[in-house]
Amino acid sequence: MALRIERIPTWRDNYTYLLVCEETGEAAVVDAPEAEPVLRRAEAQGVRITQVLSTHHHPDHSMANPELAARTGAPVLGHHSDAARLPGFSGGLDEGDLVSVGRAQARVLFVPAHTRGHIAYHFEADAALFCGDTLFAAGCGRLFEGTPQMMFEAMQKLGALPGNTRVFCGHEYTEANLRFAAHLEPQNEAVQRALEQAAAKRARAAADWHDATPEEMTVPSTIAGEHATNPFMRAESAGELGRRRALKDSF
């Protein structure tokens, strides 16, 4: 594996990621609403930010793009359909495109549903997926611009990745998601175990999310873990996923 992954707590409960190629010292930023925590981490690590990668246009994932681009000279990449609404947009991506961070390489996956221009970045050799607000640990994003069918197809696509793939999602929502999963599937022992582990981690959480330590973070999960615990990945049809999403919206 060539990629070191730094989890940076940003905004209220967001995860921003600094992806560092250990061999070249080049780095990419994934989904940044704040610039300063990212720039401080990059400086402390002695790495060069050469790309800003966005999964979707929502401000809590992209507000810092223009500042990061101005201060590092890095291009801002996202889905081509978001050219008019992704802050700092300078280059478009689509399904199957390749993105390199030093010697590490990701394939772009088009997974619309949360937004119509949502993408994910899959670093196969590094067993890492950066999926924004499409797939969460034990959850999925709200259907702001898509349909249950679109999210079902996204779950099928991401669920087909190798089971050891680490899932780096956009928010620290795991405990709440697992409580909903336990409500839906009270006999699911994998959900109960995961909920106990997540609750124990979050019980140690800092009052200010910016001060969160790795010991308090429930992310990443894995694709295998999602098959066992995620009620949206476990849905057998788009209709079932849609009903579950509607229940989660008011849970």
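Helices, as the term is used here, are DSSP runs of H or I with at least four residues, numbered from the N terminus. In this predicted model, α5 and α8 (238-249) each contribute at least two residues to the lining of the second largest pocket. The largest share of that lining, 3 residues, is supplied by α8. The second largest pocket encloses about 220 Å³ of space. Its lining consists of 15 residues, and F136, C140, R142, Y173 and R245 are the closest to the centre. By residue class, the lining of the second largest pocket comprises 5 nonpolar, 4 polar and 6 charged residues.

The largest pocket has a volume of about 260 Å³. It is lined by 17 residues, with T174, L178, A194, Q197 and S221 nearest its centre. Two or more lining residues come from each of α5 (174-184), α6 (189-202), β14 (221-222) and α7 (223-229). The largest share belongs to α6, which gives 6 residues to the lining of the largest pocket. Of the residues in this lining, 7 are nonpolar, 7 are polar and 3 are charged. Helix α5 thus appears in the lining of the largest pocket and also in that of the second largest pocket.

Between α5 and α6 runs a loop that holds E185. The relative accessible area of E185 is 15%, and the residue is therefore classed as buried, the cut-off being under 20%. The side chain of E185 forms a polar contact with the side chain of R234, at 3.0 Å. When neighbours within four places in sequence are left aside, the residues in contact with E185 are P231, R234 and R244. R234 therefore figures both in the polar contact, a pair of N or O atoms within 3.5 Å, and among the contacts of E185.

The interior of the model was examined next. The largest nonpolar core contains 50 residues, and Y17, Y121, F123, L129, F130 and L135 have the most contacts inside it. Helix α4 (residues 148-159) provides the largest share of this core, 5 residues. For F130, with neighbours within four places in sequence left aside, contacts are found with I5, Y17, L19, V30, T55, A120, Y121, F123 and F168. These partners include Y17, Y121 and F123, which are themselves among the residues with the most contacts inside the core. Apart from the largest core lies another, of 18 residues, including I8, A27, V38 and A74.

Technical notes: Residues are numbered from 1 along each chain as its sequence is written. This is a predicted model: local features need pLDDT of at least 70, side-chain atom pairs count only at pLDDT 80 or more; totals for chains, interfaces and linings use all residues. Side-chain values use heavy atoms; hydrogens and water are left out. On a 1 Å grid over the protein atoms alone, a cavity is a set of points where a 1.4 Å probe fits but cannot get out, and a pocket is an open set with protein on both sides within 12 Å along at least five of seven lines; lining residues have an atom within 4 Å of a point. Grid points are joined across faces, edges and corners, and a volume is the space filled by probe spheres set on the points. Ala, Val, Leu, Ile, Met, Phe, Trp, Tyr, Cys and Pro count as nonpolar, Asp, Glu, Lys and Arg as charged, and the others, Gly among them, as polar. A nonpolar core is a set of buried Ala, Val, Leu, Ile, Met, Phe, Trp, Tyr and Cys residues joined through side-chain atoms within 4.5 Å. Buried means under 20% relative accessible area, exposed over 50%, partly exposed in between (1.4 Å probe, protein chains only). Contact means heavy atoms within 4.5 Å. A polar contact is a pair of N or O atoms within 3.5 Å; within protein, one must be able to donate a hydrogen and the other to accept it, and residues adjacent in sequence count only if both atoms are side-chain atoms.
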